[in-house]
Every structure is written in structure tokens, then in C-alpha cells.
Amino acid sequence: MALARGCLSRIDVASGTAAPSMAEPEAAEWFAALPVAALVVRPDGTVAHANSACESLLNHSERAMRGQLVDLLVRLPSGPAARRDGHGFAAYDVELVLDRIGPVRADYVEGALPEQPGWRIITIHPEGASRRFASAGDRGGARAAIGAAAMLAHEIKNPLSGIRGAAQLLAQVGQEDERRELTSLITAEVDRVAALIDRMEDFTDQRPRTLEARNIYPLIAHARQIAAAGFASSILIEERFDPSLPDVLLESDAFVQLLLNLLKNAAEALGETAAPRITLATAYRHGVSVSSGRGKARRPLPIELCVIDNGPGAPPDLAEHLFEPFVSGKREGRGLGLPLVEKLVGELGGVIRYAREGEPPSTVFRILLPRAPDA
């Protein structure tokens with residue numbers, strides 16, 4: 001394989017048995033048009049070429065990447081990186097750190113170029129992230145919570161009004177301090193149960209959401225302001241935003257509600273953490289899509305919002321059940337917050353997943369949402 005003007009511009013293309021009616025594309029043109037992000041790397045570890053898909057994924061132009069060390073542009077986790085031997089290497093569904101983007105779940109494949117000692121070609125497949133997201137219609141936890149909420153709301157809420165009324169009457173006719181204390185206790189407990197039922201009734205609302213194109217950042221700022229003024233007032237909230245994020249298809253009230261639930265969940269998880277920190281991160285993820293049901297076409301969900309905290313995360317035995325109702329690792333938890341978040345995200349056409357990522361590990365709730373159609 002001859003290499004000049006880099007390593008692609010003089011690769012001969014084998015013709016078929018019949019002469020083509022027009023000139024065959026050169027290999028450099030094929031490389032540039034590949035739908036998969038690809039990098040050609042010199043023996044010294046610097047970038048020689050990057051195709052268009054790679055420019056989009058890394059948010060760098062090919063001119064800017066040429067001559068840079070590839071390990072600074074695309075960083076592998078320490079475990080998989082140690083297995084590279086220069087003769088071919090693959091790591092599937094791993095967390096790569098991209099220079100301008102941050103963490104990305106992807107498949108990473110590296111191969112040697114024949115007859116060119118030390119030269120490598122690297123491909124990055126962000127579809128690895130999409131495979132981790134189940135169908136947007138497969139929200140078993142939310143469906144179970146809807147059924148439980150409807151049953152409890154019907155069976156419990158009606159008697160509560162009678163109990164509260166009786167307690168108030170008892171307080172009016174009794175003068176003893178002990179009776180007043182008991183009636184106050186009854187009233188407080190009834191109010192607490194009623195508030196719980198009100199939260200569960202959120203699951204029974206099955207009206208379709210009215211989705212519209214919105215700039216996501218004013219809504220994030222509003223939720224952050226509420227959190228900083230209340231339950232997260234003592235916690236550092238950082239931002240790691242993609243400034244070029246397009247409009248998102250969503251309903252504002254549902255989005256703010258689910259984001260506040262995630263922020264409160266993170267704040268509560270940081271109760272005993274030194275230097276507590278919450279990070280709000282956004283990104284545009286090319287190629288990420290989910291199926292809306294068996295046999296149906298996949299649809300793109302490129303808008304990513306992550307709520308990240310440096311707390312201890314969920315207990316390992318609960319990690320796979322966080323979106324099921326009545327599952328909570330908190331002593332006073334009701335196990336309804338995250339199922340409600342999953343329900344709201346699903347109604348916005350998106351998906352949500354929990355993970356422990358990074359070194360040291362952080363808790364990540366990753367939401368993928370649809371992009372608004374271009375005007």
C-alpha cells in the first residue's frame with residue numbers, strides 16, 4: 001500500500017472485469033464518506049487523517065486533529081487500553097473520553113494497516129450506547145406503578161377525609177394536653193399519607209403530553225435555581241453543556257418536574273459525602289436510537305442530559321431495580337420518585353438509565369430525548 005500526502009491518497013482501486021462507465025472513486029473519497037467515525041494514525045501515535053463522521057463525533061475538524069496525539073483526542077479506560085498490542089484491538093460498549101465532548105459509550109476497534117508497519121486505523125461506533133437502551137415502550141416499572149397507584153388511590157384516599165375530620169372534632173371538644181397531642185399526631189399522619197397518595201396519583205394521569213420544540217437550557221436553569229434555593233443549597237452544582245445543542249421536543253412542565261426529581265434524588269444521595277457535587281451535562285449523540293416496539297423502526301434520540309453526582313450510588317442489589325415502584329435504598333424513601341421520572345421521560349418519547357461511570361465512580365442518570373424537527 002503506497003502512502004503519499006498522508007496514507008490514503010495513492011491507494012490503487014481494483015477494477016472489475018468490465019470497464020466502468022465512469023471513474024471509480026479513489027480510496028480517499030471512500031474513506032471520507034464512511035458513515036463510521038474513523039481515524040488513521042501514524043506510528044508515532046499522531047493523527048494523519050480523520051473522516052467526516054469522525055469530525056462530527058469528536059467536534060474537531062480534520063485539519064485541527066492532524067498531528068495531535070490520538071490518545072489525547074480519544075482516551076480509553078485504563079483496563080482496555082492496557083490490552084492494546086498494535087496488532088489489532090477491540091473494546092465493546094466502553095466509556096471513551098472524547099477531547100471536546102466528554103464521556104461517550106461506544107465500541108472502539110483498532111487495526112493495523114497491511115504493509116505499513118506501525119500505521120493504524122481506528123473506528124468508533126457510538127451505536128454501542130444505543131444498544132444499552134431498551135425499547136422506549138418497555139417501561140415495566142412505570143406500568144406497575146400506574147396499577148398500584150390507581151388501586152391505592154381508590155382504596156385509601158376516601159377514608160382519609162373522614163379520619164381527619166374526626167380528629168379535628170376531637171380537638172375542639174377536648175381540652176386536655178394529652179388529647180390535643182394525640183389529635184395533632186393523627187392530623188399530621190393523615191396529612192403525610194394523603195401526600196403520599198397524591199404522589200402516587202401522578203402515575204394515573206395517562207393524558208398524552210403536548211410536545212413542542214423548546215430550548216432546553218432555560219428549563220435546566222429554572223430547575224437548578226429551585227434546587228439551589230432549597231434542597232441543594234449546600235451542594236456545588238456544575239454545568240458541562242454542549243453550547244450548540246438544537247431544540248428538544250418536550251413538554252416544559254414534565255421536563256422540569258423530572259429534572260427536579262433527579263436533582264433531589266442526587267442531593268439526598270450526597271448527604272454524607274465530603275465536598276458534594278452535582279453535574280448537569282448535555283451532549284448531542286450521533287447515531288443513538290431506540291426501537292418504539294417489536295418490529296418497529298428505530299428512532300433517533302440524540303439529545304443527552306445527564307445528572308451526575310459524586311455520591312456512593314445505589315446498593316448493588318438494588319441497582320437493576322431502581323425504576324420499579326417501592327424500591328428505595330433510603331431509610332425514609334418511598335420508592336416512587338424514580339418510577340415517576342421514568343414515566344415522564346417515556347411520555348416525552350425518551351429513555352433513562354442509571355450507571356456508575358468514571359474513575360473515581362460517579363452516579364449517572366442519563367436521559368436521551370428526541371430532537372425537535374427542523375422548522
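**Entry 1: E110**

I began with a pair of side chains: those of E110 and R120 are joined by a polar contact of 3.2 Å. The model I am reading is a predicted one. I then looked for a second partner, and the side chain of E110 also makes a polar contact with the side chain of Y108, at 2.7 Å.

Next I looked up where E110 sits, and found E110 in strand β5. Is E110 buried or exposed? Its relative accessibility is 5%, and the cut-off for buried is under 20%, so E110 counts as buried. I listed its contacts, leaving aside neighbours within four places in sequence: they are R84, G88, F89, R120, I121 and I122.

**Entry 2: the sheet around β5**

I followed β5 to its partner. Strand β5 covers residues 102-112 and strand β6 covers residues 120-125. The two run antiparallel and 6 bridges join them. I noted one pair: G111 has I121 in β6 as its bridge partner. I121 had already turned up among the contacts of E110.

I then traced the whole sheet. It is open, has 6 strands, and its order is β2-β1-β6-β5-β4-β3. The pairing is antiparallel. Which are the edge strands? They are β2 (47-50) and β3 (74-75), each of which pairs on one side only.

**Entry 3: R285**

I moved on to R285, which lies in the loop between β10 (277-284) and β11 (289-291). The relative accessible area of R285 is 9%, so this residue is buried.

I checked which residues R285 meets beyond its neighbours within four places in sequence. The contacts are I101, P103, V104, P302 and E304. For P103 I have an atomic detail: its backbone oxygen lies 2.6 Å from a polar atom of the R285 side chain. For P302 I looked up the C-alpha separation from R285, which is 4.6 Å, although the two are 17 residues apart along the chain.

**Entry 4: the second largest pocket**

P103 came up again when I turned to the second largest pocket. How many residues line this pocket? The lining has 32 residues, and P103, R240, T279, A281 and I308 lie nearest the centre. I noted a volume of about 530 Å³ for this pocket.

I asked which strands supply the lining. At least two residues each come from β4 (89-98), β8 (236-240), β10, β13 (303-309) and β15 (362-369). Which of them gives the most? That is β10, with 6 residues.

**Entry 5: β15 and its partners**

Since β15 is on that list, I read along this strand. It is mostly covered, with 8 of its 8 residues buried. I sorted the side chains by direction. S362, V364, R366 and L368 point one way from β15. T363, F365, I367 and L369 point the other way, and all of these residues are buried.

I then looked for the strands that pair with β15. One is β13, which runs antiparallel to β15 and is joined to it by 7 bridges. In this pairing D309 stands opposite T363. Another is β14 (residues 351-357), which pairs with β15 in the antiparallel sense, again over 7 bridges. Here Y354 stands opposite F365.

I also looked at the turn. The hairpin of β14 and β15 has 4 residues between the strands, and G358 takes a positive phi near 90° there.

**Entry 6: A314**

Y354 led me to A314. This residue has its place in the loop between β13 and α11 (337-347). Its relative accessible area is 23%, so A314 is partly exposed. Beyond neighbours within four places in sequence, A314 is in contact with A319, L322 and Y354. A314 and Y354 are 40 residues apart along the chain, and their C-alpha atoms are separated by 9.4 Å.

**Entry 7: the whole protein**

Last, I noted the totals. The protein has 11 helices and 15 strands. Of its 375 residues, 41% are buried. It exposes about 19,900 Å², and carbon and sulfur atoms supply 53% of that area.

I also looked up how far along the chain the contacts reach. Among contacts with a separation of 6 or more, 61% are between residues 24 or more positions apart. The A314 and Y354 contact from my previous entry, at 40 residues apart, is one that spans such a distance in sequence.

Note on methods
Residues are numbered from 1 along each chain as its sequence is written. This is a predicted model: local features need pLDDT of at least 70, side-chain atom pairs count only at pLDDT 80 or more; totals for chains, interfaces and linings use all residues. Side-chain values use heavy atoms; hydrogens and water are left out. Two strands pair if DSSP finds at least two bridges between them. Buried means under 20% relative accessible area, exposed over 50%, partly exposed in between (1.4 Å probe, protein chains only). Contact means heavy atoms within 4.5 Å. Accessible areas come from the Shrake-Rupley method with a 1.4 Å probe; for residues, only the protein chains shown count as cover. A polar contact is a pair of N or O atoms within 3.5 Å; within protein, one must be able to donate a hydrogen and the other to accept it, and residues adjacent in sequence count only if both atoms are side-chain atoms. On a 1 Å grid over the protein atoms alone, a cavity is a set of points where a 1.4 Å probe fits but cannot get out, and a pocket is an open set with protein on both sides within 12 Å along at least five of seven lines; lining residues have an atom within 4 Å of a point. Grid points are joined across faces, edges and corners, and a volume is the space filled by probe spheres set on the points.
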